[in-house]
Amino acid sequence: MNNQGILVANEFAASRVKVLHANIERCGVRNAALSNYDARVFGGWLPEQFDAILLDAPCSGEGTVRKDPDAMKNWSLDSTAEIAATQKDLIESAFHALKVGGTLVYSTCALSPEENQNVAAHLLDSFGDAVQAESLITLFEGADKATTPEGFLHVFPQTYDSEGFFIAKFTKHASVTSPDVKKKLGKFPFSQLTKKEVSDIVTHLEQAFSLSIPENSELWKRDNDIWLFPKALEPMLGEFRFSRMGIKIAEQHKKGYKWQHQVATALATAEADAVPLSIEDAREWFMGRDVRPEGLSGKGEVLVSYNGFIIGLGKWVGNRVKNGLPRELVRDKNLF
């Protein structure tokens with residue numbers, strides 16, 4: 001997506017949301033919003049909002065038995081039937097949340113037709129001419145070996161000497177009536193910045209790093225924290241409660257701004273002015289240590305790079321760059 005539009009990532013397990021958020025920030029993604037719901041709410045809360053939806057559904061997981069012998073430990077026909085009922089609810093919800101003309105991909109790592117073909121058939125039976133299955137026979141070379149008569153990809157471990165999984169792709173051709181739901185979202189804790197505040201941040205960001213705010217983004221404030229939201233998120237703000245949105249770029253203080261690591265990962269490009277690190281210094285950097293680039297010194301905050309990539313944000317203290325890597329990204333052993 002090249003940081004365009006809005007990427008909504010829903011994680012049902014609350015314990016995994018923090019990890020998901022850390023991965024998104026680490027990869028420099030600035031157009032994401034994270035939620036922590038049973039995904040059955042999407043069809044009623046955000047009807048016809050998305051151009052594309054990937055529903056990687058909870059499943060029995062017997063397709064992973066080659067790498068995890070315990071995958072079948074709790075398997076039963078009853079549990080399969082229960083999971084399949086949930087999957088049918090989820091695929092209906094996803095279809096309601098999909099725009100007309102949009103694409104829905106349904107996937108599992110299960111092998112049984114109850115969790116795969118039957119769920120796909122449920123979608124087709126429920127919405128008739130409004131939905132069409134797309135053949136995946138040309139998805140990759142040799143896909144015909146695992147393509148079902150309906151055009152779904154149903155991979156058994158012996159087919160490609162791999163794990164087992166299932167993929168189905170659908171297109172929405174017509175609008176359908178969405179479920180009627182009641183919402184109680186509470187007070188939204190962010191406020192948009194004034195033009196003067198935006199101008200001040202833009203000026204400071206330019207002076208500090210020669211960086212600018214992307215045109216497809218907006219600045220919001222929560223207490224003294226400055227956040228960058230994708231503009232495409234705004235229509236959803238009054239309709240849905242997200243657990244995490246956009247990226248935090250700064251903390252505002254009386255004397256200016258304390259810039260965050262995400263400025264380096266999400267706003268800086270390879271062409272940005274940065275202090276290049278040697279491989280030895282880069283190793284030290286990722287272990288959370290300060291570095292002393294040979295023959296260099298300066299003052300103020302600075303971007304650091306390795307091998308042409310911006311890897312972080314530091315601060316000159318004489319001939320030493322003080323490490324600004326967030327603790328959760330520090331690695332106690334060498335990365336390379």
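**A tour from the E14-E17 sheet to the salt bridges**

Select Gly-314 first: this residue stands opposite Asn-323 in E17. The model is predicted: local features need pLDDT of at least 70, side-chain atom pairs count only at pLDDT 80 or more, and totals for chains, interfaces and linings use all residues. Residues are numbered from 1 along each chain as its sequence is written, and side-chain values use heavy atoms, with hydrogens and water left out.

**The sheet**

Next, display strand E16 (residues 309-317) together with E17; the two run antiparallel and are joined by four bridges. Strands (E, at least two residues) and helices (H or I, at least four) are DSSP runs, numbered from the N terminus. Two strands count as paired if DSSP finds at least two bridges between them.

Widen the selection to the open sheet of four strands, whose order is E14-E15-E16-E17 and whose pairing is mixed. Strand E14 (275-276) and E17 stand at the edges with a single partner strand each, so one side of each has no neighbour in the sheet.

Now add helix H9, which packs on the sheet and touches E15, E16 and E17; contact here means heavy atoms within 4.5 Å. The direction of H9 makes about 80° with that of E16. Axes are lines fitted to C-alpha atoms, for helices over the stretch in contact, and angles run from 0 to 180 degrees between N-to-C directions.

**The salt bridges**

From E17, select Arg-320 and Asp-290, whose side chains meet in a salt bridge (2.4 Å, N to O). Arg-320 lies in strand E17 (residues 320-323) and Asp-290 in the loop between helix H9 (279-286) and strand E15 (300-306), so the pair ties together parts that are 30 residues apart in sequence. A salt bridge is a side-chain nitrogen of Lys or Arg within 4 Å of a carboxyl oxygen of Asp or Glu. Arg-320 is partly exposed, at a relative accessible area of 22%, and Asp-290 is partly exposed, at 30%. Buried means under 20% relative accessible area, exposed over 50%, and partly exposed in between (1.4 Å probe, protein chains only).

Move to Arg-327, which forms a salt bridge with Asp-332, the closest N and O atoms being 3.9 Å apart. Both Arg-327 and Asp-332 are exposed.

Then select Arg-16 and Glu-11, whose side chains meet in a salt bridge (3.8 Å, N to O). Arg-16 is exposed, with a relative accessible area of 52%, whereas Glu-11 is buried, at 15%.

Finish at Asp-38, Arg-40 and Asp-89, which are linked in a network of salt bridges. The structure holds 15 salt bridges.
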